[in-house]
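Let's take a friendly walk through a protein structure together. Have a look at the sequence and the picture, and then we will go through some details step by step.

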There are 2 protein chains.
Amino acid sequence: MPASPAVEIVPLGGLGEFGMNLMVVRSGDDALIVDCGLMFPSAEHLGVELILPDLSALDRLGTLHGVLVTHGHEDHLGAVPWLLTHHSLPVFATPYAASILRPRLKGRLPGLVDPLVELNPSGGPCRIGPFAVETFPVSHSIPHCLMAAIETPEGWIVHSGDFKLDPEPLDGVTTDLEALRTFAERGVLALLSDSTNAEVPGFTPPERRVGPELESRIREAPGRVFVTTFASNVYRIRQVAEAAVRAGRKLAVVGRSFERHVELGLKYGLLPLPAGLRVPVDAVGALPASEVVVLVTGSQGEPNSALARLALDRHRDLSLEPGDRLIHSARRIPGNEKAIQRVFNHVVTRGGTLVDARSGLLHVSGHASREEQALLLRTLRPKHFVPIHGEATQLAAHEDLALSCGLPRDRVHRLRSGDRLRFDGGRATLGEPVPVGHVFIDGTTDTLAWDALRDRRRVADDGLVVAVVSVGGDRRRRPDPEVLLRGFAHEDADGPLLDEARERLLELTADFSREEREDEGVLRGRVQQELKRFFRRRTGKRPLIVPVVVEF
Amino acid sequence: MPASPAVEIVPLGGLGEFGMNLMVVRSGDDALIVDCGLMFPSAEHLGVELILPDLSALDRLGTLHGVLVTHGHEDHLGAVPWLLTHHSLPVFATPYAASILRPRLKGRLPGLVDPLVELNPSGGPCRIGPFAVETFPVSHSIPHCLMAAIETPEGWIVHSGDFKLDPEPLDGVTTDLEALRTFAERGVLALLSDSTNAEVPGFTPPERRVGPELESRIREAPGRVFVTTFASNVYRIRQVAEAAVRAGRKLAVVGRSFERHVELGLKYGLLPLPAGLRVPVDAVGALPASEVVVLVTGSQGEPNSALARLALDRHRDLSLEPGDRLIHSARRIPGNEKAIQRVFNHVVTRGGTLVDARSGLLHVSGHASREEQALLLRTLRPKHFVPIHGEATQLAAHEDLALSCGLPRDRVHRLRSGDRLRFDGGRATLGEPVPVGHVFIDGTTDTLAWDALRDRRRVADDGLVVAVVSVGGDRRRRPDPEVLLRGFAHEDADGPLLDEARERLLELTADFSREEREDEGVLRGRVQQELKRFFRRRTGKRPLIVPVVVEF
């Protein structure tokens, strides 16, 4: 009997860290990619706006036949445009995820023939190069999510995507355990499964549970209600809208990402809004305070979001009045706690009140908790198990769960990004790892550094700008802003350009309110935005901007 | 009748932010200070190690007669050495807090006559200049904590300190509500009360509740157990020790701050350790794994702590083996979540297991929750109420609580740092605020910048060093470390000194393990430490070091 071609899985990101999910599945020289995501930086990543996986390892992993995108979240599809800059590949995605990707690809790779192949959001078979693939719909916190099974000569490899087992989802699309059980009869070689909530016991509450609490919190508010949540959670938007209807209020939607997802929700019939419910944001002022709900972006305290601007009284159309209420219907993503708390502080300082997850079920996770993860394991009965999508502690907890579900020790594999797990005759072995890493990108709001992946010397090429801004104390004794440049190849680099940059910062900071001056996150965000625009306009360069705030 | 002298309170910190508690109480030209704390920086505060309140406003607040320190936590006494540099004042503190302050004052202000006046930890009267003061013992998470009442011509002003109403504390010292009720008959003008947990409903569980969970988690562990907590929580140390005894294990204590508090706990009879329980850290290796408990510093993920070094296999005496367990018996202070999670990741990657507050009652707060705060309000029946010690949202929640306890709207005062609240004939009015601010300090581990408070131009004087370190990717293609200087007045500033600094960084980073390279917090901590030492040794200067990590 001829040896079957080697089958292996190679995660290039998403293991041991949050975000950047990317899994390569190989059979001999053929390969496909499941998900290609990015990561958002924390305060420590100075000047950086996006973090991508280093995709150069893909060059060593055989012939790529396509990318399967399990759903529309950034940590699963955000790096696809970078991937397509260097690899000509079809992208398989549900209509919702395709609608998120398509305009980005068109705008940024204008010569590219549309590579998107839309998958049925209700699941079914498809073919990616030589691979037979089966997809299954799953519940999560954005519409149109899939679990995917890929056929290999060693058996089926199942990638869970992000999932939970919500038994009563708003769109009626449950994770169909019965279909998965039937499928499992074909023989599952390996299950690669979402570990996000492996440290959380029990069963994640259904999305629907949030509705009654939202409604009573909106109903009891004396003034206007602002609600912030993750913009892509169309089900949450729907429940806010329904609560607004029942509380006799109109709904305004503020922030580009909310507008985009409301539009998509309407397009795909997932957001049945009664006629007359929505009002434009500039009509909010004319309505009685007790008749308004406003959805605002900024649940993670992002300094340039609609909510942060509102909280600092810097919003064009809205201002916060005493008696207004903010409902935070979201999780606090680790690393964002201080920025979120600062926005909350600004809100209450302006006389607003605050309601968040501590005072009732105002948010539920989109990820399966331990009992659901165990159910998936028992349903699919895989020969091998690989926890994916999580911090090292979450992967370890998921590993323990698989062991307690009866999988033998040598069939549960805790991988790190770059590891190669090879399957051969039912046994699994680790090959020589491929190099993995991060690529830091700034400037997403403007043109993208398309060559960032190959040209890793961007800082050396486009330079580094360190801006030191002093705040606090007595204005007359405060040092002026200082701007330092390195590796910045431009004729004006050390002359009038720097003076002009300092002047811009002086004007910018002179205009700050006391609250803005006291909010590190806001300060750094503004300084970065200002200098980015300045250097692009004046030099055409996109240096890495590192804002340093020193208080005096 | 002659007008009585004006009475006012002026908080210079601690309102609307975490830390830096400082309250000035004035009567006419006489003033005393309650607490003088500092704040620890978050990742956003580049290069900064300590944040102090700007004490220059004290010059405008009359004749200072002394400082009353309610307890030994840094956010209540950490800035006292800076205060005493410019003001010659007696410092009133309980023996435990005095023992923390005394060596710092001796080491850093060697000419100073000991200014410490020890207060009875069981409370009682004392006199600070012209002020009669009554103190009351309260429960918290460090021994010897006081609530203080200060007599003024307008009535008594009560400052709660940090407190909770633990009814069964380990040292038997409860917050004595009956004594406070009796005292209240003298007439309380204003209560200034700890707001930390004003958003937390209910009653904070007693410290004692943590004991059984600690014991069972230690007992069931197959290998060595490492426990991390806040070093000053002597009661927690005692419970870990008792659990070790009952589980038949020895106890080693690692990290200077733990050693110090164990010593103080023994000195004050608060830590009854059976003979033979403690073993030195270098004896741990010789004991069977199942007979060891090790207390390690680093509950907040501090990159240079014993726990972080252990997790990265950089500890001199200890290493983590598969099967070892880490018990995190602490809260995750907002802003530290990512650093803590990274340490946890390193622990499980090394095969260790992790138990934290999510899996049982392994930590309780030291602060009163809402019901306790309400009890204090009802016990003291103050004419006026000022929530202190908290973020703006916590102050607002505490304000709401006071209103729901029946205080009238015009007697509940939400202040900001720098506000002056004046009491006159039972009425309260706001005066012109005094300027407040932060002073950033680095270099605590070395000599302190004693003049930092008056000389705010330290960055301009001693300069700024930005170190850009590239990690990840292919070593041959990675740019070398870059060091930028500004405002650094030294003859070698741009020549061989910089080359040497770059060389040091190159050596430092070449020695990093893969895990260290992937941990931003550790990278930045090491780079900062290295350059601080380098510039101090070579130039005698203490520039602000800003480490920037760029991944390639």
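**Cysteines, a sheet and a helix**

This is a predicted model, and over all its chains it holds zero disulfides. Why does Cys36(A) form no such bond? Its closest cysteine sulfur, in Cys126(A), is 17 Å away from its own, and that is too far for a bond, since a disulfide needs the two sulfur atoms within 2.5 Å. Cys36(A) also counts as buried, because its relative accessibility is 0%.

Chain B offers another example. The sulfur of Cys126(B) has its closest cysteine sulfur in Cys145(B), 16 Å away, so this pair is too far apart for a bond as well. Cys126(B) has 17% relative accessibility and therefore counts as buried, the cut-off being under 20%.

Now turn to the sheet in chain A. Eight strands make up an open sheet with mixed pairing, in the order β7-β6-β5-β3-β2-β1-β19-β20. At its edges are β7 (116-118) and β20 (427-431) of chain A, each of which pairs on one side only. On average, neighbouring strands of this sheet are turned by 25° against each other, direction ignored.

Look at one pair within this sheet: β5 (residues 63-68) and β6 (residues 91-93) of chain A run parallel and are joined by two bridges. In one of them, Val67(A) has Val91(A) in β6(A) as its bridge partner. Helix α3 (residues 95-108) of chain A packs on the sheet, where it touches β6 and β7 of chain A. The direction of helix α3 makes about 165° with that of β7(A).

Finally, find helix α15 (residues 520-539) of chain B, where Glu530(B) lies. Is Glu530(B) buried or exposed? Glu530(B) counts as buried, because its relative accessibility is 15%. Leaving aside residues up to four places away in sequence, Glu530(B) touches Arg504(B) and Leu508(B).

Conventions
Residues are numbered from 1 along each chain as its sequence is written. Chains are lettered from A and ligands numbered from 1 in the order in which they are written. This is a predicted model: local features need pLDDT of at least 70, side-chain atom pairs count only at pLDDT 80 or more; totals for chains, interfaces and linings use all residues. Side-chain values use heavy atoms; hydrogens and water are left out. Helices (H or I, at least four residues) and strands (E, at least two) are DSSP runs, numbered from the N terminus. Buried means under 20% relative accessible area, exposed over 50%, partly exposed in between (1.4 Å probe, protein chains only). Contact means heavy atoms within 4.5 Å. Two strands pair if DSSP finds at least two bridges between them. Axes are lines fitted to C-alpha atoms, for helices over the stretch in contact, and angles run from 0 to 180 degrees between N-to-C directions.
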